[in-house]
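Work through the exercises below with the model open. Try each task before reading its solution.

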Amino acid sequence: MSATLILAAVTRATSATPAQVSLSQSGLASFFGSAPVQLALVIGALVAVTSALVGVFTVIRRQSFAGHALADLGAVGGSAAFLIGISQLWGFVIAGVLAAGLMEVVGVKRVQGRDVATGIVFGLGLGLTGLFLYLDTQVPGTSNAAVSVLFGSLFVIDASVLPTVLVLALVACAIVLLTWRWLLVDSVSQDLAFVRRIPVRATGILFLVALALAVELSALTIGAVLSTALLIAPAAAALRLTKRVGFAILIAIAIGVGSTWVGILISYQSFGWLHGAHSWPVSFCIVVVLFVVYLLSGVALPIRARARRAAEVVL
Amino acid sequence: MFSDFLVNTWITASVVAVVAGLVGFFVVLRGSSFLAHALPHGAFAGAAGATLLGIDPILGMGIFAVGGAVAVTTLGRRGRSDVVIALSLVLMLAFGALFLSLGNEYSAEVFALLFGQILGVSSVEVGPIIVLGVICVAAIVVAYRRLLLSSVLPDMAAARGISQFGMSLFFALVVAIATAMSVPIVGALLLFSLLVGPPAAARSFSADPLVAIPLSIGFALVTVWVSIAAAYYSSLPVGFFVTLGSAILYGIGRGWFAIRVRRVATA
């Protein structure tokens, strides 16, 4: 949310315009041939896979709010990073991990307490963002900051972030996979986790760190709005279709990657649909596709229930 | 500090604080911080759309906030509520992105909607804010017992014939009205903090709602007043002081609670 970010976004946005103009002359061949589109497809898929894996546990553990809060809280680091002169990416990641730790410290076991704890940390984080923003954006024309962070675009990503994104995504996935059994038991029943002597506290903190990593990555590359959508929607839809966590993750990854690609295609084709001069924002297209998929998965619920003829907890 | 151009600010901020303290108590009691976050943030898309169409932003925000409240509650009947809130919030924000990209030159206005504009309240805005504030307070007072029961003991409320869905919808609508009246002045950021911080602090001082609610309103008022004064003298953004004040109050509340629990334990 700092001045650099805005400037970067503005320059990248303007540099992306010629590409989009050529895109508008359409055809699938030019779609796959375009360099920004290729990068968008790759980064989108990478982020979608990580988000789906972490997202399934986020939904099971009822931590959607924390996931969303962490995305916005990364912006605190993003704006502070500019003040102290470190890289934007690390600002986001460090702030996310710190916020995750703080939430775990303030939060209590009950879901309601966690809700308030998230809210308090979140509120303070937003306030700090406002302050940093004020301190480092005394430059005229910086009011686009909030907009560019919230609605960052897949089409204007710098290719040089790809390796870092890849490594951090792998770390997030590794944490989830390594603590798989702990997470599963702890998410389903805390009493069972206690009996089995699972380090509940450590599991919670580790998971929040993985969540923070996944969310910060996508917030930085594709915008805070989209990161929450990619985290929650595929996982929630998948968990309506199956109760088996392994399956759910596979379905969630398929939904996440599929929706992202369809959204990118729609955004690409949308050039000139309404007012002529713009394509529709990528974030918007992907979010709408994800929302529709989630609604459709609700249609599958009664069918599945009838097939099973068993009363189940509705997810 | 109390000069003419700030009089409106003091009045509207106080109204917003009273409403936030009262509504926020139920936000914390029902564990719906996420809703309290989602409606103000989503409502900003309404403002973006309204500006695009050239109508009053407050109207656009009202429509989006109420629409969001209805969507969250009805979808929440069949899906899980935190998932539904997250997705609705994101969808509303995404529409905001679309409106922003369709319209061109008004991001300064959007910025003010997100982060507040407390030092520039015109006299025309004071009337509607007071009216909406009174509606919020009246709604809560009228439904006080039912709302309390359905928040604390949902099963018992259901047994007494109080519809859980009806109560959720009612409460979401109250939050939506509070949002529409507050956001144009104080910003989505500040409102959320006021809805959670002071009430959460008040709840650690007393479990009795008739004590905690006035305490919560008092905390919210003090936070807002001190913040305006601090913003006036330091010329830093008012939203920062409000969020900081809320967090400090909550910290004090938690500390007090811990001491009291220890005292009871030793006795």
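**Exercise 1. Fold of chain B**

Which pattern does chain B follow, read along the sequence?

Solution. This is a predicted model. Step one: read off the elements in order, which gives α-α-α-α-α-α-α-α-α-α-α for chain B. Step two: tally them, and chain B has eleven helices and zero strands. Step three: check the overall dimensions. The radius of gyration of chain B is 19 Å, and the globule rule gives 18 Å for 267 residues, so chain B is as compact as a globular protein of that length. Its C-alpha atoms fill a box of roughly 65 × 50 × 30 Å along the principal axes.

**Exercise 2. Helix α4 of chain B**

Determine the span of helix α4 of chain B and how many of its residues are buried.

Solution. Step one: α4(B) covers residues 81–102, 22 residues in all. Step two: from first C-alpha to last, α4(B) reaches 31 Å, close to the 32 Å expected at 1.5 Å a residue. Step three: 20 of the 22 residues of α4(B) are buried, so this helix is largely enclosed by the rest of the structure. For chain B, buried residues make up 56% of the 267.

**Exercise 3. Surroundings of A:Ala300**

Locate A:Ala300 and decide: is A:Ala300 buried or partly exposed?

Solution. Step one: A:Ala300 sits in helix α14 (residues 282–308) of chain A. Step two: count neighbours. A:Ala300 has 13 other C-beta atoms within 10 Å. Buried needs 20 or more, so A:Ala300 is partly exposed. Step three: leave aside neighbours within four places in sequence; A:Ala300 then contacts A:Arg240 and A:Leu241. A:Leu241 is 59 residues away in sequence, yet its C-alpha lies 6.9 Å from that of A:Ala300.

Notes: Residues are numbered from 1 along each chain as its sequence is written. Chains are lettered from A and ligands numbered from 1 in the order in which they are written. This is a predicted model: local features need pLDDT of at least 70, side-chain atom pairs count only at pLDDT 80 or more; totals for chains, interfaces and linings use all residues. Helices (H or I, at least four residues) and strands (E, at least two) are DSSP runs, numbered from the N terminus. The radius of gyration is taken over C-alpha atoms; the globule rule is 2.2 Å times the number of residues to the power 0.38. A residue is buried if 20 or more other C-beta atoms lie within 10 Å of its own, exposed if 12 or fewer, and partly exposed in between; C-beta atoms are placed from the backbone. The expected span of a helix is 1.5 Å times one less than its number of residues. Two residues are in contact if their C-beta atoms, placed from the backbone, lie within 7 Å.
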